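Let's work through a few exercises together. Keep the sequence and the 3D view open, and try each task before you read its solution.

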Amino acid sequence: MPDLKSGAAWLASATPEEVDEFLGGLTQNALLALPWLFEFWALPHQLAPRGDWKTWVIMGGRGAGKTRAGAEWVRAQVEGAGPGDPGRSKRVALPGETIDQVREVMVLGESGIIACSPPDRRPVWHATRAQLHWPNGAVAQVLSAYDPEAMRGPQFDAAWADELGKWKKGADAWDQLQFALRLGKNPRAVVTTTPRNVGVLKAILKNPSTVITHAPTEANRAYLAESFLTEVQSRYGGTGLGRQELEGVLVEEEEGALWTAVMLDAARLTVAPSLSRVVVAVDPPVTATKKSDACGIVVVGADTRGDPKDWRAVVLEDASVKGASPEGWARAALAAMERHGADRLVAEVNQGGDLVEQMVRMVDPLVPYRGVHATRSKMLRAEPVAALYEQGRVAHVRGLQALEDQMCRMTAQGWKGTGSPDRLDALVWALTDLMITPLHGGRPSVRTL
């Protein structure tokens, strides 16, 4: 027999005989109640985490079941044991981007509060007051994040905020909502949103009193059209937009970033050009432990025939490895060379000096190798490479998410991420070797930049 939190998974894998036995063992009342027991049907990310939290953020891709989770959480707060019995909450705030969107999605939508409620506990929509009224006296007030000042005055003991990442006045609206959550013993808020790189969402996620559940669109595939999943995965899988809208991942980029998600999506490769040279660039870590920075290993190819202004490059693979020994990352870099038929291995030698080349040649004595030495800051080295992207001269294959995340954290003021931009450093060395150094004379065995 399944318990409440594993019921749907159990039914999906159970034999017809097991299902019949399970349903046959339920009373008539239990059978009638089963469709409305959300804990039985819910996916893991749709269930509220335990513990003492203030805000629960349900972050997921399009169609991942966020709206249903928010509506069911409101039900759990408002409903009592019987239709007329009080629940934990009596005054609920329902803020969204606009009044119309709250009404059509959160209240009246297919996964909204009314559709999710059993007939004997179903609230009534009062359009003139923009309110939901339950049989037990609980009331939910619809609010527009576009008008934060309208949140002054009302007070609540629970709130469900939808698509906060889209709110035009998100920070102001969220602040006003926090002041209004002042009733009851433990007023809480649930946020259901597709992630966007906005300050208010990032601040909420960093708050110690916030808990997070997450799921991609794929997690809810049983309730989505197969043709929809096939189409959106084909179009957007492996892109920055796909990470945000399908995987439900927050793609952060810093103010003043040298690269943006929009720029990188515009650089997405559609047709592979003919390549005249391929290099593998390596940015070795200082140490080799599980907590060390990764060894950046990036493969880039370019067509450098003809007029330099017509040269084009393609980032082919991020083969970076973490926690590998020097021999381990050397073998990984050489394996990447073999996969792509690379012409040369380029390695930064600031940390290891001649030992970097010795390690590589210990694995392959004949590998074409160039050591490069950094004398300028990472930002200054990155700027001319970023200019190549602005000129539309560098393309990316899909599947470079970790590298692209680092790119969006490098700004004109320097690196704003944590740790070292190891993958980005390797990318910069590769594109410099292919597209920039040849224009400035010669290819010395050890070059400074």
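A disulfide is a pair of cysteine sulfur atoms within 2.5 Å. The model is predicted, so local features need pLDDT of at least 70 and side-chain atom pairs count only at pLDDT 80 or more, while totals for chains, interfaces and linings use all residues. Residues are numbered from 1 along each chain as its sequence is written, and side-chain values use heavy atoms, with hydrogens and water left out.

**Exercise 1.** Count the disulfides, then decide whether Cys 116 and Cys 295 are buried or exposed.

*Solution.*
- Step 1: The disulfide rule gives a count of zero.
- Step 2: Recall that buried means under 20% relative accessible area, exposed over 50%, and partly exposed in between (1.4 Å probe, protein chains only).
- Step 3: Cys 116 is buried because its relative accessibility is 3%.
- Step 4: Cys 295, at 1%, is buried too.

**Exercise 2.** Describe the surroundings of Leu 229.

*Solution.*
- Step 1: Place Leu 229 in helix 10, residues 226-236. Helices (H or I, at least four residues) and strands (E, at least two) are DSSP runs, numbered from the N terminus.
- Step 2: With a relative accessible area of 4%, Leu 229 is buried.
- Step 3: List the contacts, meaning heavy atoms within 4.5 Å. Leaving aside neighbours within four places in sequence, Leu 229 meets Thr 217, Glu 218, Arg 221 and Leu 224.
- Step 4: Take one of these partners, Thr 217: twelve residues separate it from Leu 229 in sequence, and the C-alpha to C-alpha distance is 8.3 Å.

**Exercise 3.** Find the largest nonpolar core and the helix that gives the most residues to it.

*Solution.*
- Step 1: A nonpolar core is a set of buried Ala, Val, Leu, Ile, Met, Phe, Trp, Tyr and Cys residues joined through side-chain atoms within 4.5 Å.
- Step 2: The largest one holds 37 residues, and those with the most contacts inside it include Trp 259, Val 315 and Leu 427.
- Step 3: Among the elements giving two or more residues to this core are strand 10 (296-303), strand 11 (312-318) and helix 17 (422-436).
- Step 4: Helix 17 gives the most, with ten residues.
- Step 5: Apart from this core lies another of 25 residues, among them Ala 69, Leu 94, Ile 113 and Ala 138.
- Step 6: Zoom in on Val 315: not counting residues up to four places away in sequence, Val 315 touches residues including Val 300, Tyr 389 and Leu 427.
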